[in-house]
Structure formats: structure tokens, C-alpha cells
Amino acid sequence: MTSDPWRGDVAAGVAAWTRGSTPLPAEAVPDPVHQGPEADPEAVARKILLDQLTGQARSRKELSDKLAKKLVPDEIATRLLDRFEEVGLIDDDAFARAWIASRQPGKGLARRALAQELRRKGIDDEIAKEALDDIDPADEETAARRLVQKKLRTLSRVDDATATRRLVGLLARKGYGSGVAFTVVREELAAAGRDEVDPPTSR
């Protein structure tokens, strides 16, 4: 056994360098054999994309932002995103239509609100417009009526003017224009046996 503290155990060498301080525990000393080679950045980025796409579709912008957050180099990110588009794993057009199909009847959102959501998702305005054009105005009105009918059940103790204001405000937040909102609210109040309230006139 050699007396040279720089030979043999790494921890002993560290102790010699620190002039006799307590040796590092064996588990604290990096083991290059068990560490293995550095992960391939492209393989890491590919796994991030696949994980993100598991169970739900995402827009290219969402995936791009995720890769940037994980510090994936731009060149690798762009190449992989392009490849995923080529094989159909990323499809902003299909994403926009699926998003509308889930949000329009489920949340009762009108075109304007849906357009804002798609823009936040990074969907190109032209792609969004084509998808939004498929919305049937009758379906949009039906969704508005459902919202009003559901909310109206909670407004039995308020006067008609207050109910009208709250219901119109609800539809406005969902992206409906004032004309549609007042028409739907007035008709639903009448159907519920409550007095109609005319919209305020502009001065």
C-alpha cells in the first residue's frame, strides 16, 4: 500500500488537499462510471414533446414555449417541432377545431372569447378564423340560452333589472355581443314568467 495520499481513494486525496480535514463520505464523491455520458439534448427534447402530447393535443406555440423553458437550444427545438408537424403529431388546425368543440358547448363561449383563447394558445389568426367559421350561429345562441337558464335559477330573489344586468354581464364575459345578449336575456326572462326589461338606450 502506498503512503502517497494522492493515490488510491479519491476521498483520501481530497483530505490530503484540504490538509487533514474529514474525508468526504463515499456517496458524496461523484462516480464517473455510474454517472454515464451526458444525455443527448435532442433525445431529451423529444421526450419532453412526447410527454407533453400524452393525453392531449397542444399547439406548436405551447410546445415551443415548453422547450424554451427547459433550455432546449433553438436549433434543436425548431428541427423537432418541424418533424413532429410533418408526421402529424403537431397540427394547429386540428388543435383549434378540437379546442372550439370542447369550449364552445362546454363553457358556452362565443366566437370572440374563443378567438382570444386561441390567440393565447399561439394559433395563427387565419387558422383560428377558418375554425371559428364552422361554428353554427344557432349553436352559439343555444349555448347562450343554456348559460342564462342556469344562472337565472340562482337569481330568483333579485328584481328583474338586477337579473338582467347580471345575465347580460355573464354573456358579455363569455364573448357575446350586447345585441345577442339582451335578446336572449329578455326572451328567457319572459319564458320564466318575469317582466321583460328593455336594454338601456344610448344618449
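Biologist: Why is Lys129 called partly exposed?

Modeller: In this predicted model, Lys129 has a relative accessible area of 44%, and since buried means under 20% and exposed means over 50%, a value of 44% falls in between, so Lys129 is partly exposed.

Biologist: What makes the pair of Asp133 and Lys129 a salt bridge?

Modeller: The closest N and O atoms of Asp133 and Lys129 are 3.1 Å apart, and because the cut-off is 4 Å between a side-chain nitrogen of Lys or Arg and a carboxyl oxygen of Asp or Glu, the pair counts as a salt bridge. Asp133 has 42% relative accessibility and is therefore partly exposed. Elsewhere, salt bridges that share partners join Glu42, Arg46, Glu75 and Arg79 into one network.

Biologist: How many salt bridges does the structure hold, and which residue does Arg60 pair with?

Modeller: The structure holds 18 salt bridges, and one of them joins Arg60 to Glu85, with the closest N and O atoms 3.0 Å apart. This pair links distant parts of the chain, as Arg60 lies in helix H4 and Glu85 in helix H5, 25 residues apart.

Biologist: How do you know that Glu85 is partly exposed?

Modeller: The relative accessibility of Glu85 is 35%, which is neither under 20% nor over 50%, so Glu85 counts as partly exposed.

Biologist: Where do Arg97 and Asp93 lie, and why are they called partly exposed?

Modeller: Both residues lie in helix H6, four residues apart, about one turn of the helix, and their side chains meet in a salt bridge at 3.3 Å, N to O. Arg97 has 32% relative accessibility and Asp93 has a relative accessible area of 28%; because partly exposed covers the range between 20% and 50%, the term applies to Arg97 and to Asp93.

Biologist: What makes Leu89 eligible for a surface patch?

Modeller: A patch residue needs over 30% relative accessible area and no salt bridge, and Leu89 has 45% relative accessibility, so Leu89 passes the area cut-off. Leu89 is placed in the loop between helix H5 and helix H6, and together with Leu50 and Val87 it forms a nonpolar patch on the surface with about 250 Å² of accessible area.

Biologist: Which residues touch the most other members of the largest nonpolar core?

Modeller: Of its 18 residues, these are Val148, Leu167, Leu171, Tyr176 and Val185, while helix H9, helix H10 and helix H11 each supply at least two residues of this core. Leaving aside residues up to four places away in sequence, Tyr176 touches several residues, including Gly108, Arg112, Glu140 and Leu171.

Definitions and conventions: Residues numbered from 1 in each chain as written. Predicted model: local features only at pLDDT ≥ 70, side-chain atom pairs only at ≥ 80, totals over all residues. Heavy atoms only, no water. Patch = residues over 30% accessible without salt bridge, like charges linked within 9 Å, V, L, I, M, F, W, Y side chains within 5 Å. Areas by Shrake-Rupley, 256 points an atom, 1.4 Å probe, with all protein chains shown as cover. Buried < 20%, exposed > 50% of the residue type's maximum accessible area, 1.4 Å probe, protein only. Core = buried A, V, L, I, M, F, W, Y, C linked by side-chain atoms within 4.5 Å. Contact = heavy atoms within 4.5 Å.
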